[in-house]
Number of protein chains: 2
Amino acid sequence: MIILSRLADYGVIVATHLAGIPDRQVNAAAVAAATRLPPATVAKVLKRLAHGGIVTGARGATGGYRLARAPEEISIAEVVAAIDGEIGVTQCASHVEGCDRTNFCPTRPHWAHINRAVSQALGAVTLAEMVGPDFLRPRPSSQVHASP
Amino acid sequence: MIILSRLADYGVIVATHLAGIPDRQVNAAAVAAATRLPPATVAKVLKRLAHGGIVTGARGATGGYRLARAPEEISIAEVVAAIDGEIGVTQCASHVEGCDRTNFCPTRPHWAHINRAVSQALGAVTLAEMVGPDFLRPRPSSQVHASP
DNA sequence: AGGAAAGCGTACCAACTTGGTCCGAATTTG
DNA sequence: CAAATTCGGACCAAGTTGGTACGCTTTCCT
């Protein structure tokens with residue numbers, strides 16, 4: 001199973017790319033060219049990111065996108081939430097009521113626990129760490145640049 | 001966004017139900033009746049669970065399903081993996097190669113880290129803990145969100 | 001001031017995945 | 001031997017998602 005949708009994946013890639021050039025303001029086509037992603041989809045992703053407050057878009061000629069905050073202030077969870085909405089393990093974790101088998105469902109505390117763990121895992125990594133060359137690695141010995 | 005698919009959710013519910021009756025061997029219809037889930041879908045879920053080694057199915061008359069292992073030996077991650085396949089944050093985390101923007105992707109170590117955190121969160125909880133009576137807290141009022 | 005460039009919003013279409021159903025083959029009990 | 005019951009596969013419908021296109025607004029440059 002895949003946790004993140006493809007658009008969310010694209011969103012992280014795009015946001016990471018923007019984090020790598022914090023002062024530049026580039027348009028969607030340039031981001032698409034730099035990330036080798038479909039331009040139309042990149043535009044869609046950037047729109048959602050702008051709507052979520054991750055990036056800010058400048059209109060007009062010589063306009064473009066730019067990160068709305070510092071890269072170390074933006075977590076992956078925010079980027080993902082801007083694309084696909086709030087993170088939830090299952091639908092029981094999202095909707096509060098209406099489950100007619102609530103009595104048969106002693107699993108919700110565990111879902112909440114797992115949900116928090118996932119959110120914490122996605123919220124612990126920031127864009128600055130994503131783009132940083134010396135990111136925090138729990139295992140500094142392993143080399144991860146090559147293909148696994 | 002929802003992490004687990006609905007079938008995976010059903011699988012956890014079904015497996016938890018089976019964990020609650022470790023010595024009984026019940027058929028798919030009984031499980032569906034007990035869990036208030038669609039019978040056909042429960043049958044499908046049980047088939048995948050059997051294929052994944054979570055439950056064992058006995059054919060013939062008076063057949064039925066039973067947990068293949070002890071409830072404390074089966075984690076949620078296994079159940080989810082039996083339904084929806086191996087857990088991966090994104091497609092980059094699953095497929096080993098073929099990504100033509102590997103050079104533009106310094107994010108994979110972080111994906112691996114997040115992926116491991118998610119897997120650990122899902123792997124830390126077993127079916128025995130799911131069915132355990134100590135954990136169920138019937139408090140449907142407060143819903144905790146992982147606020148960013 | 002006008003044209004061009006770029007973002008913004010919406011709408012739309014295609015495709016894949018998912019949810020759900022059904023029937024045949026195998027197997028065990030009575 | 002027959003009936004009941006299950007597994008295992010194929011099969012179909014529907015929802016969601018990915019992706020694209022178009023019109024509008026805004027801003028800079030000529």
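A polar contact is taken here as a pair of N or O atoms within 3.5 Å. In the predicted model, a polar side-chain atom of Thr41(B) meets this criterion, lying 3.4 Å from a phosphate oxygen of DNA strand C. Two further contacts to phosphate oxygens of the strand involve Tyr65(A) and Leu7(B). In Tyr65(A), the atom concerned is a polar side-chain atom, at 2.6 Å. In Leu7(B), a polar backbone atom takes part, and the separation is 3.1 Å.

DNA strand C is surrounded by 22 residues, of which Asn27(A), Arg59(A), Tyr65(A), Arg6(B) and Lys44(B) are the closest. Of the atoms of DNA strand C that come within 4 Å of the protein, 72% belong to sugar and phosphate. By class, the protein surface near the strand comprises eight nonpolar, eight polar and six charged residues.

Both chains contribute secondary-structure elements to this surface. At least two residues each come from strands E1 (55–58) and E2 (64–67) of chain A and from helices H1 (6–20) and H3 (39–51) of chain B. The largest contribution is that of H3(B), with four residues.

Helix H1(B) consists of 15 residues and spans 21 Å between its first and last C-alpha atoms, close to the 21 Å expected at 1.5 Å a residue. The helix is mostly covered, with twelve of the 15 residues buried. Among the buried residues of H1(B) are Leu7(B), Asp9(B), Tyr10(B), Thr16(B) and Leu18(B). Leu7(B) is thus both a buried residue of H1(B) and a residue whose backbone contacts a phosphate oxygen of DNA strand C.

Conventions: Residues are numbered from 1 along each chain as its sequence is written. Chains are lettered from A and ligands numbered from 1 in the order in which they are written. This is a predicted model: local features need pLDDT of at least 70, side-chain atom pairs count only at pLDDT 80 or more; totals for chains, interfaces and linings use all residues. Side-chain values use heavy atoms; hydrogens and water are left out. A residue is near a molecule or strand if one of its heavy atoms lies within 4 Å of it. A polar contact is a pair of N or O atoms within 3.5 Å; within protein, one must be able to donate a hydrogen and the other to accept it, and residues adjacent in sequence count only if both atoms are side-chain atoms. Ala, Val, Leu, Ile, Met, Phe, Trp, Tyr, Cys and Pro count as nonpolar, Asp, Glu, Lys and Arg as charged, and the others, Gly among them, as polar. The expected span of a helix is 1.5 Å times one less than its number of residues. Buried means under 20% relative accessible area, exposed over 50%, partly exposed in between (1.4 Å probe, protein chains only).
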